[in-house]
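Subject: Structure handover

Hello,

Here is the structure for you to load. My notes follow below it.

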Amino acid sequence: DGAPVWRAGANVSRRLVNEMPIRLGGTVVPPGEYTVFIELARGKWTLIISNWRAQVRGYNPKDGPAIFGAFEYTPDKDVVRVPMTLETLPHSHDQLHWEFLDVTADGGTLALFWDRQMASAPFSVVK
């Protein structure tokens with residue numbers, strides 16, 4: 001703990017919108033819109049799904065209940081924190097991007113690619 005929290009996106013907070021309940025770790029994340037952060041520690045990243053509402057059109061100091069990037073992030077709105085698996089890739093990715101991997105009707109893996117790093121966390125669909 002105590003590592004920097006990253007917005008996990010370019011210039012704005014990354015958002016996750018799910019239409020079905022999903023399970024991350026042992027926690028069920030109900031359908032809705034969430035912000036995604038990553039706690040960065042050397043060799044140990046943690047995926048954070050949060051109830052913070054994201055400012056999507058740039059920073060607006062008058063939009064107090066919403067967050068821009070990870071500025072003013074606090075963990076009190078965290079829905080779940082899940083350890084991520086880190087892998088070094090044989091090739092690099094110039095731009096950060098997210099993908100859903102190995103998706104089936106039962107779940108899959110949420111993965112982030114950046115430079116030669118892939119960080120991932122499995123999820124399952126709650127039926």
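What radius of gyration would a compact globule with 127 residues have, and what does the protein have? The rule puts such a globule near 14 Å, and the protein has 14 Å, so the two agree. Please bear in mind that this is a predicted model.

**Overall build**

The protein has 0 helices and 11 strands. Along the sequence the pattern reads β-β-β-β-β-β-β-β-β-β-β. Along the principal axes, the C-alpha atoms fill a box of roughly 40 × 35 × 30 Å. Of the 127 residues, 40% are buried. The exposed area comes to about 7,600 Å², with carbon and sulfur atoms supplying 52% of that.

Take the contacts between residues at least 6 apart in sequence. Among these, 51% join residues at least 24 apart.

On charge, there are 13 positive and 14 negative side chains. The centres of the two sets lie 4 Å apart.

**Strand E6 and its partners**

Start with E6, residues 44-50. Buried means under 20% relative accessible area. By that cut-off, 6 of the 7 residues of E6 are buried, so the strand is largely enclosed by the rest of the structure.

E6 pairs with two strands that I checked. One is E5, residues 32-41, which runs antiparallel to E6 over 7 bridges. Within that pairing, Val36 has Ile49 of E6 as its bridge partner. E5 and E6 form a hairpin with 2 residues between the strands. In this hairpin, Gly43 takes a positive phi near 75 degrees.

The other is E9, residues 78-83. E6 and E9 run antiparallel and are joined by 5 bridges. Here Ile48 stands opposite Arg81 in E9.

**Strands E10 and E11**

E10 covers residues 85-104, and E11 covers residues 107-125. They pair in the antiparallel sense over 11 bridges. A hairpin of 2 residues joins E10 to E11. For a register check, use His97, whose bridge partner in E11 is Phe113.

E11 also pairs with E3, residues 22-24. That pairing is antiparallel as well, with 3 bridges. Ile22 stands opposite Val125 in E11.

Phe100 is worth a look in the viewer. Phe100 sits in E10. Is Phe100 buried or exposed? Its relative accessibility is 51%, and exposed means over 50%, so Phe100 counts as exposed. Leaving out residues up to four places away in sequence, Phe100 touches Leu16, Thr109, Leu110 and Phe123. Pro83 is 17 residues from Phe100 in sequence, and their C-alpha atoms are 17 Å apart.

**The loop between E8 and E9**

Strand E8 spans 66-67, and Thr74 lies in the loop between E8 and E9. Thr74 has 31% relative accessibility, so this residue counts as partly exposed. Trp52 is 22 residues from Thr74 in sequence, with 9.0 Å between their C-alpha atoms.

Glu72 is in this loop too, between E8 and E9. Glu72 is exposed, with a relative accessible area of 64%.

**Backbone angles to check**

Most residues other than glycine have a negative phi. Which residues in this model take a positive value instead? Glu72 is one of them, with a phi of about 65 degrees. Asp115 is another, with phi near 55 degrees.

The two sit in these settings. Glu72 belongs to the loop between E8 and E9. Asp115 is in strand E11. On accessibility, Glu72 is exposed at 64%. Asp115 is partly exposed, with a relative accessible area of 47%.

**Where to begin**

For a quick tour, load E6 with E5 and E9, using Val36 with Ile49 and Ile48 with Arg81 as markers. Then go to E10 and E11, with His97 and Phe113 as the marker pair.

Best wishes

Note on methods. Residues numbered from 1 in each chain as written. Predicted model: local features only at pLDDT ≥ 70, side-chain atom pairs only at ≥ 80, totals over all residues. Heavy atoms only, no water. Helix = DSSP H or I, 4+ residues; strand = E, 2+ residues; numbered from the N terminus. Rg over C-alpha atoms; globule rule 2.2 N^0.38 Å. Buried < 20%, exposed > 50% of the residue type's maximum accessible area, 1.4 Å probe, protein only. Contact = heavy atoms within 4.5 Å. Areas by Shrake-Rupley, 256 points an atom, 1.4 Å probe, with all protein chains shown as cover. Lys, Arg positive; Asp, Glu negative; His and termini not counted. Charge placed at Lys NZ, Arg CZ, Asp CG, Glu CD. Pairing = 2+ DSSP bridges.
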